[in-house]
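Let's take a look at how a protein holds on to a small molecule. Have the sequence and the 3D view ready, and follow along.

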Amino acid sequence: MQTPHADHSNIVLIGFMGCGKSTVGRELHTMMGYPLVDTDAVIEEFAGKSISRIFADEGEETFRDLESRVIRELEHDGASPRIIATGGGIVARAENREALRQLGYVVWLRAPVHVILNRTRRNTSRPLLQTDDPADRVRTLLAEREPWYRETSHLQLDTAGLTSREIATGILESARYFFGTRKSSPPCPPT
Ligand code: S3P
């Protein structure tokens, strides 16, 4: 296990598109009552347009800049604990990986490729998967990103076959342990 060194007491969900970050984030929010911040939603609100439109009008780099900005602001405003659900590509920048770990307990939600494809197939809101061969795109991006998810996370969770409630319960248990081993006050979700 890696040494905990985060300054904030957030629970941060990372992982590939379609691995359930938003759903599990909502579940954790319901169970714990902490505010839920979804970085994609913050970006859409700030930009006043959808992620697909940002990609189409300004390109991926502009989207990544906005993503970095949201993470920096979350790091600096100091408000915690919160549940933070992130976009799947947030780990692509080293500065974001570092900031995510400073934000709290980072959980990597994983799912097999066929599950990812099933969950994302009918949804056209993810510009990176609007290709002739989404399966190839998913495999390529996963191969590139897995080392980053690994490096950034304190916990890896295989979500296949689990309900979002079960996943959230597992995260809560391990978060209690993680924050309990730190000097700063841990979050105390209702039992
Ligand atoms: C992206 C994932 C999306 C969104 C954007 C780019 C990615 O979020 O941020 O479409 O690069 O993997 P979800 O992981 O919530 O789908």
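## Before we start

A polar contact here means a pair of N or O atoms within 3.5 Å of each other. Keep in mind that this is a predicted model.

## Who touches the ligand?

Which residues come nearest to the ligand? Of the 13 residues around it, those are Lys 21, Asp 40, Arg 64, Arg 126 and Arg 145. Sort the shell by class and you get 5 nonpolar, 3 polar and 5 charged residues.

Now zoom in on some polar contacts. Arg 126 puts a polar side-chain atom 2.6 Å from an oxygen atom of the ligand. Asp 40 also uses its side chain, with an N or O atom 2.8 Å from a ligand oxygen. Gly 89 joins in through its backbone, where a polar atom is 3.3 Å from an oxygen atom of the ligand. So is the ligand mostly buried or exposed? On its own the ligand exposes 390 Å², and the protein buries 95% of that.

## The pocket it sits in

The ligand takes up space in the largest pocket, which holds about 570 Å³. Lining this pocket are 29 residues, and Met 17, Asp 40, Ile 51, Ser 125 and Arg 126 lie nearest its centre. By class, that lining has 8 nonpolar, 12 polar and 9 charged residues.

Where does the lining come from? Helices α1 (21-32), α2 (39-47), α3 (51-58) and α4 (60-77) each supply at least two of its residues. Asp 40 is worth finding in your view: this residue is among those nearest the ligand and among those nearest the pocket's centre.

Key. Residues numbered from 1 in each chain as written. Predicted model: local features only at pLDDT ≥ 70, side-chain atom pairs only at ≥ 80, totals over all residues. Heavy atoms only, no water. Near = heavy atom within 4 Å. Polar contact = N/O pair within 3.5 Å; in protein donor to acceptor, adjacent residues only side chain to side chain. Areas by Shrake-Rupley, 256 points an atom, 1.4 Å probe, with all protein chains shown as cover. 1 Å grid on protein atoms, 1.4 Å probe; cavity = no way out; pocket = protein on both sides within 12 Å on 5 of 7 lines; lining within 4 Å. Sits in = over half its atoms within 2 Å of the grid points. Nonpolar A, V, L, I, M, F, W, Y, C, P; charged D, E, K, R; others polar. Points joined across faces, edges and corners; volume = space filled by probe spheres on them. Helix = DSSP H or I, 4+ residues; strand = E, 2+ residues; numbered from the N terminus.
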